[in-house]
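I am opening a notebook on a structure that is new to me, and I want to write down what I look up as I go. The sequence and the model come before my entries.

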Amino acid sequence: MKPYMLMFRTHRKTLLGNALLGGLAILIAVPLIGMAQEYGPALVKVVDARMQSLSSVILVPGTVISRDDARLSAEVDGRLLEVAEVGTAVKAGDPVAVVEAESLRLLTVELQAEIRRAEARLVFLENEVSRYNTLAKTNLASANQLEQARSEQDVARGDLDVARARLAQNDDQLARTRVLAPFDGVVVERLMQPGERVANGGVVVRLVNQQRLEVVARAPLEYFGFSEVGESLQIQVGPEQLAATIRTVVAVGDENTHQFEIRLDLDGQPFQVGRTVRVSVPSDDSRQVLTVPRDALVLRPEGATVFVIDAQHQAKQVSVSTGLGSGDWIEINGDVSAGERVVTRGNERLQPGQTVEIIDS
């Protein structure tokens with residue numbers, strides 16, 4: 001073999017050996033780098049464990065209703081000229097329907113003429129009384145004539161009052177030909193159409209205020225004593241939960257279902273009237289318990305744990321059992337004290353004894 005070929009093969013083996021050693025070093029170094037990253041300082045968010053007053057609850061169905069929900073009726077007979085379309089938003093005092101008023105306007109003209117006639121007759125009789133009164137002083141008119149003139153004057157004054165009252169009644173009927181909204185709301189149902197004839201008391205539209213909302217729920221009478229006006233209860237709407245304040249508790253139970261009624265304010269909440277919700281109603285007296293956010297729980301097949309951060313910023317894993325819940329908070333029992341910091345973010349991959357860096361608390 002030629003010398004230059006031998007030198008080439010030797011150099012090639014050296015290069016291959018160096019490459020294999022370099023690759024092996026990289027393979028060994030990568031896990032070490034990963035382990036250093038995994039067990040290095042972890043970025044976490046923490047919240048203090050705290051004592052809260054909680055009680056056991058039962059879930060009962062509830063329905064979202066409006067505190068302003070009215071079926072508006074016509075107050076005069078006649079043909080409908082206008083009826084608000086479904087979906088029309090109106091303010092209090094706006095018309096939602098108009099009834100034909102031609103006959104009432106003609107009656108107004110007639111009554112105004114009667115008033116003018118009664119006023120003219122009254123003026124004439126007042127002058128007659130004055131004239132007879134002067135003649136009676138000179139004995140040119142008898143007392144009977146004077147009394148008769150005064151009587152006719154009083155009758156004319158009464159006729160004028162009646163005519164004026166009839167005109168006022170007719171004006172009131174004219175005003176009632178416009179069905180007005182008693183509150184701000186939206187027309188959600190149109191029960192009569194323009195052109196139809198409506199009778200006094202006939203329902204024309206349904207008006208609902210979609211802002212003043214509340215939840216009505218019914219719970220067993222045995223739990224009546226645990227709910228008070230002003231107390232906040234949890235409402236579950238699908239996956240979401242929110243708090244609502246008890247507006248009233250109806251103290252009379254239904255004799256058939258043996259339930260009492262709770263109404264909770266939902267003012268300002270974006271719900272639809274008629275939506276079904278679930279209400280957490282207290283089923284016993286409240287008690288003080290230690291609670292943490294639900295996000296602090298690390299759930300494993302062997303049980304639930306939380307990570308507590310000590311003064312050296314190291315994570316300690318503590319086994320806990322859970323109890324009562326209220327919204328995002330839940331009762332825990334374990335080696336955790338009120339005021340201790342528990343991890344709520346970054347606890348999924350946290351290791352016991354690992355140093356942490358708190359980014360929010």
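Entry on contacts. I began with contacts, meaning heavy atoms within 4.5 Å, and found that, among those in the chain between residues at least 6 apart in sequence, 76% join residues at least 24 apart.

Entry on the model. I note that this is a predicted model, in which local features need pLDDT of at least 70 and side-chain atom pairs count only at pLDDT 80 or more, while totals for chains, interfaces and linings use all residues. Residues are numbered from 1 along each chain as its sequence is written, and side-chain values use heavy atoms, with hydrogens and water left out.

Entry on the whole chain. I looked up the elements and found three helices and 23 strands, where helices (H or I, at least four residues) and strands (E, at least two) are DSSP runs numbered from the N terminus. Of the 361 residues in the chain, 34% are buried; buried means under 20% relative accessible area, exposed over 50%, and partly exposed in between, with a 1.4 Å probe and protein chains only. The chain exposes about 21700 Å², of which carbon and sulfur atoms supply 52%, the areas coming from the Shrake-Rupley method with a 1.4 Å probe.

Entry on helix 3 and what follows. Glutamine 169 sits in helix 3, residues 143-175, and I record it as exposed because its relative accessible area is 53%. Its C-alpha atom is separated by 9.8 Å from that of threonine 108, although the two are 61 residues apart along the chain. In the loop between helix 3 and strand 8 I found threonine 177, which counts as buried because its relative accessibility is 4%. A polar atom of the threonine 177 side chain lies 2.5 Å from the backbone oxygen of leucine 174. Leaving aside residues up to four places away in sequence, threonine 177 touches several residues, including Val76, Ala97, Glu100 and Leu104.

Entry on strand 8. Leucine 180 belongs to strand 8, residues 178-180, and is partly exposed, with a relative accessible area of 36%. Not counting residues up to four places away in sequence, leucine 180 touches Leu72, Gly93, Asp94 and Pro95. From leucine 180 to alanine 74 I noted 9.6 Å, C-alpha to C-alpha, with their positions 106 residues apart in sequence.

Entry on strand 19. Is threonine 305 buried or exposed? With a relative accessible area of 10%, threonine 305 is buried, and its place is in strand 19, residues 303-309. Its side chain makes a polar contact with the side chain of glutamine 317 at 3.1 Å; such a contact is a pair of N or O atoms within 3.5 Å, and within protein one must be able to donate a hydrogen and the other to accept it, with residues adjacent in sequence counting only if both atoms are side-chain atoms. Gln317 also appears among the residues that threonine 305 touches, beyond those up to four places away in sequence, as do Ala296 and Val320.
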